[in-house]
Amino acid sequence: MRTKNSATAPSSIAVTGGKAIPVAPAGTAFGGTLQAALGVAAFSLTFPATAWGLESFGPWSLVAVRSLLAALIAGVCLLALRVPLPARRHWAGLAVVAAGVVLGFPLLTTLALQTSTTAHAAVVVGLLPLTTALFSALRVGTRPSRTFWTAALAGAAAVVAFTVQQSGGALTTADLYLFAALLVCAAGYTEGGRLARVMPGWQVIGWALVLCLPLTAPVAAVALSYEPVHLTWHGVTGLLWVAAGSQFLGMVVWYRGMAAIGIPKASQLQLAQPLLTLVWSVLLLGEHLTVAAPLTAAAVLVCIAVTQRARG
């Protein structure tokens, strides 16, 4: 039985492990892959854009205004499409998404990027898929295989070794910010993934952004009055990108892509994100990479690929 909001029917059915699994038409698969790839590209530009934004704004101003602008875009879309309010039972989960993805991760990474290079941050945050998998296992109660945990620990060890080596034998304040960002974002991604089973993914991030408005609006006003603002082309472009591109539009195409091609295939595309950020850090910011950065990013990529296969 079809409902008004049901998705387009798949063109065929594949049988795997005794279960019938819908297979999307070739055109849908191509479009979904393209949208997911655009989402990954948008996310890979977040750190360079944040570095640009810090040229014009203080860290608190940048994060607050970024979230405020993204919330206004999301609010307009939600109103224009007449999306009803989420059920009361979903608001606690949306609060977790808001705390982790809308506020925590942007703030902690922005604070880190005041003293850390984007290349360094990209390698550390490249551990995010593994951290999210850990949170997902704890939240959902799944039992990943021994291969999964071995690869996850290997990836974590590679990032920790890189961080300590790059920091001269001890963790810096920026490193602590980045590791904290991993934890809060993984929690937000995990809860967002759970909510995306019962509502469209773009509405999850949209309502999370709107939920933060009572906080981000006054914080933006206070931060702008205390932190100096020196508007430059780089600074304004960076702010607009992290607000519209990374925080909202990137999420929209990413979730639409995942819906079309499935989470496993979309996750394979996301493996390229840290390496893309390294490329942007060189092209847009003129950073000089050490040999350890791309090697560690590649090692983490391999570990994540192993965990994806181990999870099936």
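Q: How do I read burial for a whole chain, and what share of the residues is buried here?
A: Each residue gets a relative accessible area, and under 20% counts as buried. In this predicted model, buried residues make up 44% of the 312 residues in the chain.

Q: What does the secondary structure of the chain come to?
A: There are 14 helices and two strands.

Q: And what do the contacts say about how far apart in sequence the partners are?
A: Take the contacts with a separation of 6 or more. Residues 24 or more positions apart account for 84% of them.

Q: Can we try burial on one helix? How many residues of α2 are buried?
A: Sure. Helix α2 covers residues 46-53, and eight of its eight residues are buried. Among them are Phe47, Pro48, Thr50 and Trp52.

Q: Which residue further along the chain touches Thr50?
A: Threonine 110 does. Threonine 110 sits in helix α4, and it counts as buried because its relative accessible area is 1%. The two threonines are 60 residues apart in sequence, yet 6.7 Å apart in space, C-alpha to C-alpha. Leaving out residues up to four places away in sequence, threonine 110 also touches Leu54, Pro59, Leu62 and Val63.

Q: The loop between α3 and α4 comes before that. How do I read the backbone at arginine 82?
A: Start with the usual case: most residues other than glycine have a negative phi. Arginine 82 has a positive phi, near 55 degrees. The residue is in the loop between α3 (59-80) and α4.

Q: Is arginine 82 buried or exposed?
A: Exposed. The cut-off for that is over 50%, and arginine 82 has 75% relative accessibility, so it qualifies.

Q: What about histidine 90, buried or exposed?
A: Histidine 90 is in the loop between α3 and α4 too, but it counts as buried because its relative accessible area is 10%. Its contacts, not counting residues up to four places away in sequence, are Leu195, Val198 and Met199.

Q: How should I treat the record's "transmembrane region" feature, and where does it fall?
A: Treat it as an annotation, then look at what the model does over the same residues. UniProt, in an unreviewed entry, lists residues 60-81, 93-113, 119-140, 147-164, 204-226, 238-257 and 291-307. Take 93-113: the chain there is 95% helix and 0% strand, with its end C-alpha atoms 28 Å apart. For 204-226, the figures are 96% helix and 0% strand, and the ends lie 32 Å apart.

Q: Now the spaces inside. How many cavities of 30 Å³ or more are there?
A: A cavity is a space where the probe fits but cannot get out. The count is one cavity of 30 Å³ or more, and the largest cavity holds about 50 Å³ of space.

Q: Which elements give two or more residues to its lining?
A: For the largest cavity, they are α4, α8, α9 (201-211) and α11 (233-261). Helix α8 gives the most, with three residues. The lining includes Val97, Tyr189, Ile205 and Met251. By type, the lining divides into seven nonpolar, two polar and no charged residues.

Q: How does a pocket compare in kind, and what is the volume of the second largest pocket?
A: A pocket is an open set of points, unlike a cavity. The second largest pocket has a volume of about 250 Å³. Elements giving two or more residues to its lining are α5, α7 (146-166) and α8 (173-195).

Q: Which residues lie nearest the centre of that pocket?
A: Of the 16 lining residues, Ser116, Thr117, His120, Phe162 and Gln166 lie nearest the centre of the second largest pocket. Its lining divides into five nonpolar, nine polar and two charged residues.

Q: Where is serine 116 found?
A: Serine 116 is in the loop between α4 (91-112) and α5 (118-125). Its relative accessibility is 12%, so it counts as buried. Beyond neighbours within four places in sequence, serine 116 is in contact with Ala121, Ala174 and Leu178.

Q: Last one, on cysteines: how many disulfides does the structure hold?
A: Zero. You can still read burial at individual cysteines. Cysteine 185 counts as buried because its relative accessibility is 2%, while cysteine 77 is partly exposed at 27%.

Note on methods: Residues are numbered from 1 along each chain as its sequence is written. This is a predicted model: local features need pLDDT of at least 70, side-chain atom pairs count only at pLDDT 80 or more; totals for chains, interfaces and linings use all residues. Side-chain values use heavy atoms; hydrogens and water are left out. Helices (H or I, at least four residues) and strands (E, at least two) are DSSP runs, numbered from the N terminus. Buried means under 20% relative accessible area, exposed over 50%, partly exposed in between (1.4 Å probe, protein chains only). Contact means heavy atoms within 4.5 Å. On a 1 Å grid over the protein atoms alone, a cavity is a set of points where a 1.4 Å probe fits but cannot get out, and a pocket is an open set with protein on both sides within 12 Å along at least five of seven lines; lining residues have an atom within 4 Å of a point. Grid points are joined across faces, edges and corners, and a volume is the space filled by probe spheres set on the points. Ala, Val, Leu, Ile, Met, Phe, Trp, Tyr, Cys and Pro count as nonpolar, Asp, Glu, Lys and Arg as charged, and the others, Gly among them, as polar. UniProt positions are given in the numbering used here, feature names are shortened, and annotations may be inferred rather than shown by experiment. A disulfide is a pair of cysteine sulfur atoms within 2.5 Å.
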